[in-house]
Each structure stands twice: as structure tokens, then as C-alpha cells.
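Me: Please take a close look at one part of this model for me. I would like to know how it ends, what covers it and where the trail leads from there.

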Amino acid sequence: MNLFNLRRTPPSLEDLAIEPCATASDDASASECLMPSVQRPQPVFVRGQGSWLWDSNDRTYLDFTQAGAANSLGHSPSVLVNAIAAQAQSLINPGSGFYNRGMLRLADRLCRSTGSDQAYLLSSGSEACEAAIKLARKWGQLHRGGAAGIITASRSCHGRGFAALSAAGGGSPGNRFEPQLPGFSQVPFNDLPALHAAVDAQTVAIMLEPIQGEAGVIPATEHYLKGVERLCRELGILLILDEVQTGIGRCGTLLAEQLYGVRADIITLGKGLGGGVPLAALLARGKACCFEQGELDGTHHGNALMTSAGLAVLDSLQEHGFLQQVRNNGQYLGQQLAQLAARYAQGEVRGHGLFWGMSLADDSAQAVLKAALHEGLLLSAVQSDCLRFTPALSVSKGNIDEMLLRLARAFSRVRTAQLQCRKGVAV
């Protein structure tokens, strides 16, 4: 089946004023039982394959969100389905208090692949960041006279746990649960002088994202990140890199730190590591390896089912030519997005690999998302004036070209609606 032929007839402008794709009544009723969390559009998805999703009305959508970059290999890739199915038949979760082969193999593969000394397997990137904060403070007790302060960047995002929200500061989205935990301070991103000025005797670590995803896909400059590493070495404090979004091939290398030529003491991984299955990891190197028995645990940590998914993902990423293809397709996507942005008078395009953001000329991100949904295209907006693109790492150039066509139609639809609104035409 040629999925490109499944494109739907574009709706009229009036359709933009109503919610598209009405949900079946039983699904609508069931949705009332969910606690409010994120704002979701109407489609209820029932099936996925590669870069495509189908909803309960059998409509097709080209997915350039991939569960916020969690589906590193796309929807239901055979390598992941087969690995999970085979593992589920033999062992799912013997308990975190016991070894299982998947746990041992994945920890070994991660350490060997990243040059790390120890790994711990968790269920989410937020948990991994919380564990990194615990590890840094434990190290501070042992080696820095009890220092516990951690410096992060303004507009950062390290998850939704209490410590993770506190690390991001008051500007973190959804942080309305004051008071925050003490011991965190924020300085502007890509500002070395501000970072130097913030370090004091109570500082134990600097914690950064190589690319600030939620702030609008803002990459660190090479000068900045290398300067941060140098500062940490000179002062004898830890460098923590939050690679929950940038790791596992998203930037065209296994870790984004390789892209920048730096080496962190602690790294957090999540999202793409499980290919859509809840899986994350905490990596530690050298002097940072100081956890003792009883200081980390979790019911589902390192269970056999999720580690089988992680091993399948790593197998795919480490196949010959896979990451080179990510780099090639990422370069193509970035170039084509820049051309599209120029054509429609939008803003800057930023990113690496298959992780891109496009600044918009105004706060029209939600309107663009809605128009794109009508066109059968799924995108995310991390800010009111910024779109984010996180396709499957296995995305084809054909999928990229189709996305660009649908996004162009969405831009045209929004522009026409804006012009009609200015002329006083109800839309």
C-alpha cells in the first residue's frame, strides 16, 4: 500500500474553528475518567507502523513527534516487537532484587558503548535525572565536604519529579508545586561568565542538556560546553549531562557529548533507549561511581522485558551505517526546514541529527499544529512560537519530503486564516 496516496482532502478554513476528527462517544466518555494532564487533540490512535499512525476512524497520520522522541525506531518496528514477544514468553520481571540476563547484558553494552564504568537501569528519564542528583550529592558528602549545590541552565527541563522540577527552577513548565527543594540555582544557557560567577564552595555539580529541548531546541555551542567541562575539571566538581532527549542516536552519534568532544562524569538516558518501552539509564564514570547497596531501587528497574527492548534498540543503532544515515537524513531535514521557513517568513531552524526546532514569526504554534493535524501530520510545539521535529531515527527521505509538503499546506492554511481575520472574515 502506498501510504502517500492516503492523503485526505484538505478541509475548508471553517474547519479550523472546530476540533477535527471527532472521537467516538465511548472514547469521549472514557476520557473523562482521566485526570487532566497534557492537552490532547481528538484522535484516538489504535495502530502504528514506522512513521505512520492510524486512528479509530482509520485515518492515517505522518508522525514527526514519535512520542516525544521515545520511539527511536518508529512505531512497532519488527526488531522491537520480536524481542519483546520472545522475552515475554520466558521472563518479564523477576524483581529488582535479583539479576536477570537482560539487566546484565544491557548494563555491559551501555558501559562498553559509552566508555562508562557503571550503569543503573530505571523506568523514565525523570527518574534517571533524580538519581543523578542523588549521586552527585552523595559524591559531595564523600569528596567535597558535604557540598550539595547544583547549577543548571535557565529554561532547562530535567523531568517532572520534585528534584527535577527544582533543578529546572521556577521557569520549568508545570512547576506549580512550591516550595521547591533547596540547593539549585539557574544561570543563562550558553553563558560561560555567568556560570563561572555562580560557582562557589557549596557547588557540587553542573547539570546541563546538550540541547535544550523544551526551551525551543537550543543547542549548546561547542565553545560553551567545552568551557563548562574545563571549569568542572579545574574546580573539581562534577559535570552531569542530561541526554534523555539527545542520547541514543538522536543527534547522529550515540551520545551528544561525542558531537561536542566532551566527557561528562554522569549521564542520564531515557526516551529513545527503550524504543517506546519505559526504559532509562544512569551512567557514571570514574570518581562519580559512589553509590552503595540500598541507595537505589525500584520495582521495575532493570526488568527483563524492558531491557530486551533496550538491547534491540542498541543492536539497530550499532548496525553498520545506521548512525551515518541519521546524520545524512538529519542534515537533509535541517536544510529543507530552513528553506521552508524562509519561504513562509518564519524564523531560525536549530538542531542536530534528527532533533530540530523551527522558530515561528509569531505565537502561532498551536494554529500550525491544528492545521497540520487536518493535513494528517503530527508535530509538537515546545513554545508558543516554536515547532519541534523528532521523527523516527529510521525515517526515510520520502517521509521527510511528505512531511514538508504537509507542513507547507498547514502554513498556507494558517496564513490564509490570518489574512481573512484581519479583513474581518469570521473563520
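Reply: Let's start just past the end of helix H11, where alanine 345 follows with a positive phi, near 55°. This is a predicted model, in which local features need pLDDT of at least 70, side-chain atom pairs count only at pLDDT 80 or more, and totals for chains, interfaces and linings use all residues. Numbering runs from 1 along each chain as its sequence is written, and side-chain values use heavy atoms, without hydrogens or water.

H11 itself covers residues 322-343. Its 22 residues reach 31 Å from first C-alpha to last, close to the 32 Å expected at 1.5 Å a residue (the expected span being 1.5 Å times one less than the number of residues). Helices (H or I, at least four residues) and strands (E, at least two) are DSSP runs numbered from the N terminus, and the chain has 13 helices and 17 strands.

Now for the side of H11 that is hidden. Its buried residues (under 20% relative accessible area, 1.4 Å probe, protein chains only) include the aromatics Phe322 and Tyr332, the leucines Leu323, Leu333, Leu337 and Leu340, and also Asn329, Gly330 and Gly334. Over the chain as a whole, 53% of the 427 residues are buried. Among the elements covering the buried residues of H11 are helices H10 (304-317) and H13 (397-422), together with strands S13 (349-352), S14 (355-359) and S17 (386-389); contact here means heavy atoms within 4.5 Å.

H10 leads us onward, as the buried residues of helix H4 pack against H10 too, along with strands S4 (118-122), S11 (266-269) and S12 (280-284). H4 (residues 101-114) has 14 residues, so at 1.5 Å a residue it should span 20 Å, and its end C-alpha atoms are indeed 20 Å apart. Met103, Leu106, Arg109 and Cys111 are among its buried residues.

From H4 we arrive at the second largest pocket, about 730 Å³ in volume. Closest to its centre, of the 25 residues lining it, are Tyr99, Met103, Ala119, Tyr120 and Leu296. H4, S4 and S12 each supply at least two lining residues, and S4 gives the most, with four. The lining divides into 15 nonpolar, seven polar and three charged residues. (A pocket is an open set of points on a 1 Å grid over the protein atoms alone, reached by a 1.4 Å probe, with protein on both sides within 12 Å along at least five of seven lines; lining residues have an atom within 4 Å of a point. Volume is the space filled by probe spheres set on the points, which are joined across faces, edges and corners. Ala, Val, Leu, Ile, Met, Phe, Trp, Tyr, Cys and Pro count as nonpolar, Asp, Glu, Lys and Arg as charged, the others as polar.)

Note on methods
Buried means under 20% relative accessible area, exposed over 50%, partly exposed in between (1.4 Å probe, protein chains only).
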